[in-house]
Amino acid sequence: MPELPEVETTRRGIEPHLVNMTVRELIIRRRDLRQAVPQSIQDIEGKIIHSVSRRAKYLIVELEDQHHLIIHLGMSGSLRIIDPATDFRTHDHIAITLSSGQQLRYHDPRRFGIVTHYHGATPLAHSLFSALGPEPLSDDFHPSGLFQSLQNLRRPIKVALMDNAVVVGVGNIYASESLFQAGIRPTTAANEVSRKRISRLVECIKTVLQKSIDQGGTTLRDFLRENGEPGYFRQELLVYERAGLPCQVCRTPICKITQAQRSSYFCAKCQKR
Ligand SMILES: [Zn+2]
């Protein structure tokens, strides 16, 4: 599943090919994604693209006259910039032909993604964004804010971190990794983590995500590949999917447990509580 660093890498990969281009043609081969692709999306034809931004794991393509394309990659979505003459693959659902002669294609085998249209000055007013917490890499995500938002939560800290209302874009991999680096056991109740450890955790979340985005930069050229998916680079992980392997700090075998139907990985010695 694309996590925040992969979505940001996608944004950086497609942005230079989209900005200042006009949408020559919009081709929709399937509308039945997680939400039906609305008819009004056709209005983007003939419009110039101004910018590509990101909020949580949503990409927002801003076009002229207040038209916006909102894209979520879901479980298996990906975007590529290719030659329009390239044959459509089975799960290429949407294509946007650009005035540059290139084409943006949305591919999504499980169709759990979203491609929708918003017309208006403030795309963040769309209901998709209404319940979202702060961006982890922005100044809006800080120790006192996180500490405050966890005070009424008795859920395990790992489950709380993956709640988009607490902070957006911290998925399973990055929640496990940052809790390890902060020395916090994923099972600890969210409201029992001390202020000092929350400070450390905020720092670790920012560092882990930023490092992954920086390394994603090396894969940007993959957005131009004719076949296959963008080859996201994954940083070397310290605990995720390392069950039974020695902790890289203390050599204790890494534990794997299930929390809220997701696997959590931790070191029982380095992550005390
Ligand atoms: Zn350890």
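Me: What geometry does the site of the zinc ion have?
Reply: This is a predicted model. The zinc ion has four donor atoms, and the angles among them run from 97 to 113°. Four donors count as tetrahedral if all angles lie between 85 and 135 degrees. The site of the zinc ion is therefore tetrahedral.

Me: Which protein residues are the donors of the zinc ion?
Reply: Each donor residue offers its SG atom. These atoms lie 2.2 to 2.4 Å from the zinc ion. The donors are C247, C250, C267 and C270.

Me: How are the donor residues of the zinc ion spaced in sequence, and how far apart are C247 and C267?
Reply: The spacing of the donors is C-x2-C-x16-C-x2-C. C247 sits in the loop between α5 (195-216) and β9 (255-259), while C267 sits in the segment after β10 (262-266). The pair therefore ties together parts of the chain whose separation in sequence is 20 residues.

Me: Is C247 buried or exposed?
Reply: Buried means under 20% relative accessible area. C247 has a relative accessible area of 0%. C267 is also at 0% and counts as buried. So C247 is buried.

Me: How many bridges pair β9 with β10, and which residue in the turn has a positive phi?
Reply: The two strands run antiparallel, with five bridges between β9 and β10. Within this pairing, T258 stands opposite S263 in β10. β9 and β10 form a hairpin with two residues between them. The turn residue with a positive phi, about 50°, is A260.

Me: How many residues of strand β4 are buried?
Reply: Strand β4 covers residues 67-72. On one side, H67, L69 and I71 are buried; on the other, H68, I70 and H72 are buried. Side chains in a regular strand alternate between the two faces of the sheet. β4 is largely enclosed by the rest of the structure, because its buried residues number six of the six.

Me: Which residue in the turn between β3 and β4 has a positive phi?
Reply: Strand β3 (residues 58-63) runs antiparallel to β4, and five bridges join them. One bridge pairs E62 with H68 in β4. The two strands form a hairpin with three residues between them. The turn residue with a phi of about 60° is D65.

Me: What is the bridge partner of H67 in β8?
Reply: β4 also pairs with strand β8 (residues 114-119). That pairing is antiparallel and has six bridges. In β8, the partner of H67 is H119.

Me: Which residue's backbone nitrogen does the side chain of H72 reach?
Reply: H72 lies in strand β4. H72 is buried, with a relative accessible area of 10%. Beyond its neighbours within four places in sequence, H72 is in contact with residues including R34, K57 and Y106. At 2.9 Å, its side chain reaches the backbone nitrogen of G74.

Me: How far apart in sequence are the parts that R54 and E135 tie together?
Reply: The side chains of R54 and E135 meet in a salt bridge, at 3.0 Å from N to O. R54 is in strand β2 (residues 49-55), and E135 is in the loop between β8 and α2 (143-150). Both residues are buried. The pair therefore ties together parts with a sequence separation of 81 residues.

Me: Which residue forms a salt bridge with R80?
Reply: The N to O distance of this salt bridge is 3.5 Å. R80 lies in strand β5 (residues 78-82) and its partner in strand β6 (residues 92-98), so parts 12 residues apart in sequence are tied together. R80 counts as buried at 1% relative accessibility. Its partner, buried at 0%, is D92.

Me: Are E203 and R200 buried or partly exposed?
Reply: E203 forms a salt bridge with R200, their closest N and O atoms being 3.5 Å apart. About one helical turn separates them, because they are three residues apart in helix α5. The relative accessible area of E203 is 48%, and that of R200 is 38%. Buried needs under 20% and exposed over 50%, so E203 and R200 are partly exposed.

Me: How many salt bridges does a search of the whole structure find?
Reply: Some salt bridges share partners. One network joins E8, R11, R12, E15, R54, R55 and E135. Over the whole structure, the number found is 14.

Conventions:
Residues are numbered from 1 along each chain as its sequence is written. This is a predicted model: local features need pLDDT of at least 70, side-chain atom pairs count only at pLDDT 80 or more; totals for chains, interfaces and linings use all residues. Side-chain values use heavy atoms; hydrogens and water are left out. Donors are N, O and S atoms within 2.8 Å of the metal (3.2 Å for Na, K and Ca); water is not among the atoms, so sites may look incomplete. Four donors count as tetrahedral if all angles lie between 85 and 135 degrees; four count as square planar and six as octahedral if opposite donors are over 155 degrees apart and all others between 65 and 115; anything else is irregular. Helices (H or I, at least four residues) and strands (E, at least two) are DSSP runs, numbered from the N terminus. Buried means under 20% relative accessible area, exposed over 50%, partly exposed in between (1.4 Å probe, protein chains only). Two strands pair if DSSP finds at least two bridges between them. A polar contact is a pair of N or O atoms within 3.5 Å; within protein, one must be able to donate a hydrogen and the other to accept it, and residues adjacent in sequence count only if both atoms are side-chain atoms. Contact means heavy atoms within 4.5 Å. A salt bridge is a side-chain nitrogen of Lys or Arg within 4 Å of a carboxyl oxygen of Asp or Glu.
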